[in-house]
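This report goes through the domains, the sheet, a bent helix and the contact between the two chains. The model is shown first.

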Amino acid sequence: MKYALRRIMALVLTMIAVSFLTFAAFHLIGGDPAQAILGTSATPERLELLRHEMGLDRPFLVQYFHWLAGFVTGDLGTSYSYRQPVAELIMPKLGVTFVMVMLSFLIIVALSFPLGMQDAQHSEGKFSWVWTVIGQICMAVPSFFLSIIVSYVCGIVLRFFTPGDFPDMYRHFGSALHYLFFAAVCIAVPRIAMCARMLKSTIIGEMEKSYVRTAISRGNDRQAVLKYHVLKNSLVPTIAFLGQTMAEIVGGGIVVEQVFGIPGIGRFLVSSIATRDYPVVQALVVIMAFWVIMAGTIADLINMKIDPRLRLGGGE
Amino acid sequence: MLEIRDLHVKFHNRDREAVGGISLKIGDGEILGLVGESGSGKSVTAMSIAGLLPRKQCDYSGLVLVDGQDMLGADRSVLRQMQGNKIGVVFQEPMSSMDPLMKVGEQVEEVLRIHTDLNEAQRKERALEAMTEVELPDPEAVYNKYPHELSGGMLQRSMIAAAIVNRPGLLILDEPTTALDVTIQAQILKLLAKLNREHGITMLFISHNLNVVRKLCGRVAVMQRGLIVEEGNTDDVFFRPQHPYTQHLIACIPSRVKVIAKRERFGEEEAADVTGGDRNDDE
């Protein structure tokens with residue numbers, strides 16, 4: 001478990017570094033929040049007072065650690081435009097996005113593995129090119145374009161759901177899930193194609209290796225070679241790719257949320273950037289960065305569990 | 001145990017036949033050495049015997065009988081019944097020949113998982129037995145190790161244990177010592193001799209190194225460009241080579257080794273005349 005501990009230490013350090021960089025960046029471009037809140041007509045005395053209240057007259061590092069301490073305890077600051085705690089504002093939206101992303105990720109994992117394996121096994125078949133073409137098309141269509149088509153066809157023509165009428169997820173989870181499903185599919189489709197292709201080429205590459213010949217020389221049939229040897233060996237690059245995917249679909253989700261009218265963080269982030277509501281943007285940027293780092297770390301930890309060779313290195 | 005009659009193998013992407021019509025017999029309990037440079041067709045011959053020819057990528061004809069079973073024309077499912085069960089194979093590079101993500105013990109007992117109804121505990125017991133037999137130190141510990149944690153020599157011992165765990169009649173060794181350093185090489189050769197003596201396992205030992213073959217095999221066949229150019233008793237071939245290619249192969253062995261070899265065989269006096277002729281071939 002030593003390797004896992006080391007990896008988690010690295011995670012914490014990276015997160016601190018990311019939060020510092022983010023805070024510094026917003027400090028540089030931030031302008032004067034007190035001015036932003038009070039408006040241009042405020043008296044210098046009032047501005048000074050508010051600056052003091054907000055801690056803006058303190059040294060940069062003190063401000064950072066104050067903010068970091070708040071962040072750890074769940075106090076993300078106060079929104080300029082809503083005059084509400086940021087945490088209260090973003091939590092419900094974060095929940096919606098989280099559910100959508102997880103749903104999308106589940107679809108990706110559930111479909112890309114069987115498709116990739118299937119494709120690898122029939123890679124020499126007559127119709128393998130059909131799969132390749134379908135895969136290429138899926139990869140080429142951007143998620144937002146797919147969202148437009150899906151919300152038109154499934155929403156307006158077939159009436160599977162009502163576009164724009166997103167139910168309150170915290171009261172009607174089932175119907176919200178139903179609505180999010182269509183968005184999740186749009187995010188998932190290009191990723192499924194990429195992941196399946198990745199798995200396929202990895203499997204085909206592994207099949208060429210010497211240990212496969214050994215396995216066959218012991219009397220394994222093709223299925224057993226795949227089940228006992230090749231699949232496990234193909235898993236490592238695929239899981240690394242899935243970790244990346246987990247990180248990237250959050251970004252892809254922002255646009256898809258807009259098309260489907262889903263009240264996730266995507267829309268909120270865009271509108272907060274427009275109104276220069278920096279505490280909100282800052283919190284969201286840090287949370288998304290954490291998400292990316294988390295996804296990578298989890299993928300690494302799973303891979304270390306699978307491949308003992310990855311546990312080496314780092315001074316052992 | 002093994003009989004090859006007029007075996008031809010030609011890969012589609014090559015002009016020349018990899019194996020151009022060879023015939024060979026190995027009796028029960030015999031060790032035959034098959035010697036030749038890389039590309040001489042010895043490995044393709046081994047693959048044909050082990051049922052590992054990529055059938056779609058080559059044309060082949062002739063007859064390969066292992067224990068009376070034809071290995072060239074037989075259905076894949078029949079081949080699988082033979083592989084591991086009746087024929088064990090050990091390859092050149094033990095590191096790449098083992099699954100890097102499977103524990104060594106599991107790989108040793110894999111043949112049992114495929115060919116027997118033994119349960120997990122019984123399989124482990126048999127695997128540990130085989131691992132003891134190939135003189136692996138602390139088999140219990142090695143059982144739970146991954147290939148990257150072992151040395152080349154230990155890995156090759158494990159590969160041999162995996163090949164003999166279900167007591168196959170025929171063991172094919174395709175350059176099993178080439179990737180190992182000389183002291184380990186000698187240990188492995190001793191081990192193979194012991195396994196042959198104690199269990200009567202028939203062996204086909206493939207090597208490009210005639211000197212290695214000499215230490216283990218009673219009979220040797222020399223291959224060049226897909227054909228067997230010379231075959232006979234190892235001492236005869238080694239000390240009285242008939243074919244120019246065999247003579248060339250022997251000339252490549254450092255003369256000191258030849259002196260030692262001759263001393264072992266005939267005593268001091270006669271050893272001198274071997275060094276006389278080819279002192280300059282030393283490399």
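Domain bounds in this report come from an automatic or database domain assignment. The model is predicted, and local features need pLDDT of at least 70, side-chain atom pairs count only at pLDDT 80 or more, and totals for chains, interfaces and linings use all residues. Residues are numbered from 1 along each chain as its sequence is written, with chains lettered from A and ligands numbered from 1 in the order in which they are written.

**Domains**

| Chain | Domain 1 | Domain 2 | Distance between C-alpha centres |
|---|---|---|---|
| Chain A | residues 2-72 | residues 92-311 | 34 Å |
| Chain B | residues 1-86 + 168-236 | residues 100-167 | 23 Å |

Two residues are taken to be in contact if their C-beta atoms, placed from the backbone, lie within 7 Å. In chain A, 13 residues of domain 1 are in contact with 13 residues of domain 2. Helices (H or I, at least four residues) and strands (E, at least two) are DSSP runs, numbered from the N terminus. On the side of domain 1 of chain A that touches domain 2 of chain A, α1 (2-29) and α2 (33-38) of chain A each supply at least two residues, and α1(A) gives the most, with ten residues. That side of domain 1 of chain A divides into eight nonpolar, four polar and one charged. Here Ala, Val, Leu, Ile, Met, Phe, Trp, Tyr, Cys and Pro count as nonpolar, Asp, Glu, Lys and Arg as charged, and the others, Gly among them, as polar.

In chain B, 13 residues of domain 1 are in contact with twelve residues of domain 2. Helix α9 (residues 182-199) of chain B gives the most to the domain 1 side, with five residues. The residues of this side of domain 1 of chain B are ten nonpolar, three polar and no charged.

**The sheet of chain B**

Chain B has an open sheet of six strands in the order β6-β7-β8-β3-β9-β10, with mixed pairing. Strands pair if DSSP finds at least two bridges between them. β6 (87-90) and β10 (227-233) of chain B are the edge strands, each with a single partner, so one side of each has no neighbour in the sheet. From one strand to the next the twist averages 15 degrees. Axes are lines fitted to C-alpha atoms, for helices over the stretch in contact, and angles run from 0 to 180 degrees between N-to-C directions.

Strands β3 (residues 31-35) and β8 (residues 202-207) of chain B run parallel and are joined by five bridges. B:Gly33 has B:Phe205 as its bridge partner in β8(B). Across β3, β9 (219-224) and β10 of chain B lies helix α12 (residues 244-251) of chain B, running at about 105 degrees to β9(B).

**A bent helix in chain A**

Helix α10 (residues 222-260) of chain A spans only 45 Å between its end C-alpha atoms, whereas a straight helix of 39 residues would span 57 Å at 1.5 Å a residue. The expected span is 1.5 Å times one less than the number of residues. α10(A) has a kink of about 50 degrees, centred on A:Val230. The bend at a residue is the angle between axes fitted to the seven residues ending there and the seven starting there. A:Gly261, just after α10(A), takes a positive phi of about 65 degrees.

**Contact between the chains**

Chain B contributes 22 residues to the contact and chain A 18 residues. On the side of chain B that touches chain A, α3 (94-97) and α5 (110-115) of chain B each supply at least two residues. α5(B) gives the most to that side, with four residues. The residues of the side of chain B that touches chain A divide into eleven nonpolar, seven polar and four charged.
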